[in-house]
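Hi,

Here is the structure I promised to pass on. Have a look at it first, and then read my notes below.

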Amino acid sequence: MATDPVPCTVRSPVTLQVGDVKTDLARPGVSVIDVALPSAQPLDLQEIIFKNSYTAFLTVRVQRRRPCDVGRDGARKWVTCLWNHCLMPSPHTEAGSQDYFSLSRHQLLCDVDQVTAVRLILRQPSPVWLHFTLEELRLYPRGQQVSDCWVDFPSWLSHLAPQQQPENLHGGVPDPEKVSTEVQQLWVLTEMIRANQTAARIGRFDVDGCYDINLLSYT
Amino acid sequence: MMLEEDTGLSLAIAQIVQRLKGSSLHSQLERQARGSLHKPEIKLESLKEDIKEFLKTSGWEKRLQNAVYSELNVFPSPCHPAAPPEHIKEPLVYMRKAQGSWEKRILKSLNSMCTELSIPLARKRPIGEQKELLNKWNEMGTDEPDLTLFRPVYAPKDFLEVLMNLRNPNYENGDQPSFRNHLGLIQVPLKVKDIPELKDYFSELGLNTGQLGIDDSTQVPPELFENEHVRVGQTVLTEQDSAAAQQYVRQGCPTALRAELWALILNISNQPEDILYYEQLKSNVIQHDLLVDSLIYKDVKLTASNDDYYFVFEDYLYQVLLCFSRDTSVLEHFSYNSATPPKSYIRGKLGMEEYAVFYPPNGVIPFHGFSMYVAPLCFLYHEPSKLYQIFREMYVRFFFRLHSISSHPSGIVSLCLLFETLLQTHLPQLFYHLREIGAQPLRISFKWMVRAFSGYLATDQLLLLWDRILGYNSLEILAVLAAAVFAFRAVNLMEVTSLAAAEAVLADLSTLKVMPLLQIFLFATVS
């Protein structure tokens with residue numbers, strides 16, 4: 001049920017700096033992370049999940065291979081699918097600095113099918129941070145659920161037909177999209193509840209009536 | 001957290017349902033629904049709708065609403081599914097590490113006290129001693145055990161030293177003074193609100209809104225505000241609506257209604273099972289003696305018993321705090337508290353997980369001044385089990401943030417930074433002067449904030465302040481009040497030339513009126 005992220009090579013961030021890297025006192029504010037995907041299979045991207053580490057703004061570009069481009073030069077084009085997305089609303093302060101983020105395909109500006117490479121451009125305009133990067137970067141392919149705690153929807157749920165309406169119904173036909181979303185939510189809810197037992201405690205702090213303890217443990 | 005709205009909502013709903021599932025409210029709702037089947041208005045064809053209607057009219061839907069509202073207030077919004085549990089406790093790694101080191105120091109201190117005094121951390125009381133304690137349960141204050149060898153595990157000023165040394169390793173903490181270094185004692189770059197944001201956040205405290213603590217003074221005719229406000233309060237209580245009560249108390253609680261309003265906001269109903277639970281805790285106290293009990297005794301004797309307002313409640317304080325230490329339900333709050341409960345093993349079973357226990361059972365080691373969190377509540381609640389529940393709820397919602405290291409906006413680190421930033425921005429001359437004479441303002445105001453001003457303000461003023469803590473579900477007002485107090489005594493403070501003299505100017509806050517100070521500082525100061 002839990003999807004595996006696509007195996008890919010995440011290169012270390014390359015900082016972009018004007019001037020001599022060694023002698024320039026100012027810290028770079030832009031760096032680029034290139035992600036190479038296994039070249040044989042272009043990927044239909046579903047979601048990108050990562051942990052932030054003091055990056056303020058993120059731009060994502062993907063290299064796509066389009067069937068119509070095959071045979072021509074520049075068969076693979078780079079497009080921007082996320083522009084200057086804010087991860088830290090106040091770059092001089094900690095808010096958002098170490099949070100987890102996920103970007104799913106419908107939040108992106110363009111279609112992310114048939115992706116062969118991904119480039120993440122990180123910006124941190126504030127000079128107070130020593131390093132900034134992204135960690136635990138994972139790409140998830142389309143067609144599978146992406147989070148551990150979500151269960152797979154049966155396929156028929158995604159294809160709810162509009163309801164057959166009796167003629168004397170007041171109002172119009174309910175929007176099938178809306179109905180299917182609500183049913184999906186309800187279904188996930190019931191599945192989660194069925195899967196989890198209650199966490200109510202019993203209230204005992206001793207072990208078989210004994211609370212005779214040694215010193216406190218440091219680990 | 002970057003969760004889309006729909007997924008975030010579904011996840012929140014699922015988590016709340018999960019938490020309410022084992023609660024007594026759940027079984028009561030089931031029982032009510034089953035009982036309603038006998039009623040004539042419940043028809044089989046429309047069973048679900050009719051039962052829902054019945055629950056609405058009988059007030060049970062409102063109780064469920066209040067429970068959901070309470071869960072939303074207490075638990076943080078659902079995190080990203082990839083976030084591990086420690087991230088939910090505290091997202092910043094260096095703060096988690098600092099909290100871990102601080103806890104280790106406390107454990108070492110407690111262990112060494114235990115070894116030096118040759119007193120076990122816990123022991124079962126012999127039957128004779130159990131009977132004796134049961135007999136004098138209502139007058140434990142008359143006991144005068146020898147507590148000279150016990151010392152508090154830590155005092156607020158020890159904690160302040162730790163906070164002063166907090167550093168983000170990824171931040172440029174140069175020795176040279178620069179715009180990167182803060183001029184106060186706190187050197188971590190947390191986001192705090194500025195005055196325009198505070199004005200917006202605390203908009204109900206504005207000059208054009210009626211307040212208890214200002215507009216109920218003797219010179220103001222009660223028809224202008226007070227009478228109507230009391231009437232609205234009574235309506236809120238009749239409706240039993242938690243959310244409405246929380247909104248209402250932002251303008252202050254009438255004294256006669258305060259106890260019920262706070263209970264409504266905290267969702268405390270004192271059912272028979274709650275009273276039974278309290279009695280169970282009491283029997284745990286009778287059966288086992290903990291080292292922590294002596295720390296509690298010592299704290300009460302040193303603080304509340306010496307206070308003019310609170311010494312009469314000494315017995316209540318023991319009844320609440322001793323039971324609090326045995327309450328394992330408090331362990332739940334550690335999922336959103338950066339702290340971790342101390343662990344130990346049954347004698348002879350070191351390292352065996354089946355014999356691992358928490359110590360004390362509720363995971364909270366009291367420090368010097370801890371009993372002052374309970375003392376003001378004794379004015380409102382006289383029934384021990386209700387007093388107990390109110391305190392416990394206040395602790396797991398608010399007070400725990402005042403003595404653990406976290407980046408939360410209501411955590412003590414943020415409050416300290418908010419205080420220092422407000423003072424530096426709006427009273428720069430005073431801030432600079434105090435710094436120059438070696439009297440960093442936070443050294444004086446820290447103890448006020450850690451205790452939520454309990455024991456420093458007059459009781460009626462303190463309760464007006466705590467009304468707003470409940471109303472806004474935030475402790476930020478403590479930092480604002482601390483800055484407002486400095487602003488109020490600025491003229492005297494500009495003339496002092498030492499830390500001791502500054503302390504003397506700010507030693508007595510018992511004559512201060514809290515609401516006018518807050519209003520002037522936020523809304524009427526020209527900056």
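Let's start with a question: which residues does V300(B) touch, not counting residues up to four places away in sequence? Before the answer, one caution: this is a predicted model, so please read everything below with that in mind.

Now to the answer. V300(B) touches S305(B), E314(B), L317(B), Y318(B), L321(B) and S371(B). You'll find V300(B) in helix α14 of chain B, which covers residues 291-302. With a relative accessible area of 0%, V300(B) is buried, because anything under 20% counts that way. Try tracing the chain from V300(B) to E314(B): they are 14 residues apart in sequence, and their C-alpha atoms are 7.1 Å apart in space.

**Chain A as a whole**

Chain A has two helices and ten strands. If you walk along its sequence, the pattern is β-β-β-β-β-β-β-β-β-α-α-β. Of the 219 residues in chain A, 37% are buried. Take the contacts in chain A between residues at least 6 apart in sequence: 76% of them join residues at least 24 apart. Chain A also exposes about 12,600 Å², and carbon and sulfur atoms supply 54% of that.

**A buried charge in chain A**

Next, zoom in on E94(A), in the loop between β6 (76-86) and β7 (100-104) of chain A. This residue is buried yet has no salt bridge. How far away is the nearest side chain of opposite charge? That one belongs to K51(A), and the distance is 9.8 Å.

What E94(A) does have is a polar contact, side chain to side chain, with Y94(B) at 2.5 Å. Watch the chain letters here, as E94(A) and Y94(B) are easy to mix up. Leaving aside neighbours within four places in sequence, E94(A) is in contact with Y54(A) and W129(A) from chain A, and with L92(B), Y94(B), N168(B), P189(B) and L190(B) from chain B.

**Salt bridges**

Over all chains, the structure holds 25 salt bridges. Here are a few to click on.

In chain A, R105(A) pairs with D113(A), and their closest N and O atoms are 3.2 Å apart. Are these two residues buried or exposed? R105(A) counts as buried because its relative accessibility is 17%, and D113(A) counts as buried at 15%.

In chain B, K191(B) and E197(B) meet in a salt bridge at 3.8 Å, N to O. K191(B) is partly exposed at 38% relative accessibility, and E197(B) is partly exposed too, with a relative accessible area of 35%.

Also in chain B, K343(B) forms a salt bridge with E353(B), with 3.4 Å between the closest N and O atoms. K343(B) lies in strand β3 (residues 343-346) and E353(B) in the loop between β3 and β4, so the pair ties together parts that are ten residues apart in sequence. K343(B) counts as partly exposed, at 23% relative accessibility.

Some salt bridges share partners, and in this way R123(B), R125(B), E129(B), D289(B), D293(B) and R326(B) are joined into one network.

**Some backbone oddities**

A bit of background helps here: most residues other than glycine have a negative phi, and most peptide bonds are trans.

Now look at S118(B), which isn't a glycine but has a positive phi of about 55°. S118(B) sits in the loop between α6 (93-117) and β1 (122-124) of chain B. A452(B) isn't a glycine either, and its phi is positive at about 55°. Its place is the loop between α19 (441-450) and α20 (459-472) of chain B. As for burial, S118(B) is exposed with a relative accessible area of 62%, whereas A452(B) is buried at 0%.

Where is the cis peptide bond? It joins Y359(B) and P360(B), with omega at about -15°. P360(B) is in the loop between β4 (356-358) and α16 (384-397) of chain B.

**A nonpolar patch on the surface**

To finish, turn chain B until you can see L37(B), L44(B) and L47(B). These leucines form a nonpolar patch on the surface, and together they have about 290 Å² of accessible area. L44(B) is in the loop between α2 (24-36) and α3 (47-57) of chain B, and counts as exposed because its relative accessibility is 70%.

Happy exploring!

Technical notes: Residues numbered from 1 in each chain as written. Chains lettered and ligands numbered in written order. Predicted model: local features only at pLDDT ≥ 70, side-chain atom pairs only at ≥ 80, totals over all residues. Heavy atoms only, no water. Patch = residues over 30% accessible without salt bridge, like charges linked within 9 Å, V, L, I, M, F, W, Y side chains within 5 Å. Areas by Shrake-Rupley, 256 points an atom, 1.4 Å probe, with all protein chains shown as cover. Salt bridge = Lys/Arg side-chain N within 4 Å of Asp/Glu carboxyl O. Helix = DSSP H or I, 4+ residues; strand = E, 2+ residues; numbered from the N terminus. Buried < 20%, exposed > 50% of the residue type's maximum accessible area, 1.4 Å probe, protein only. Lys, Arg positive; Asp, Glu negative; His and termini not counted. Polar contact = N/O pair within 3.5 Å; in protein donor to acceptor, adjacent residues only side chain to side chain. Contact = heavy atoms within 4.5 Å.
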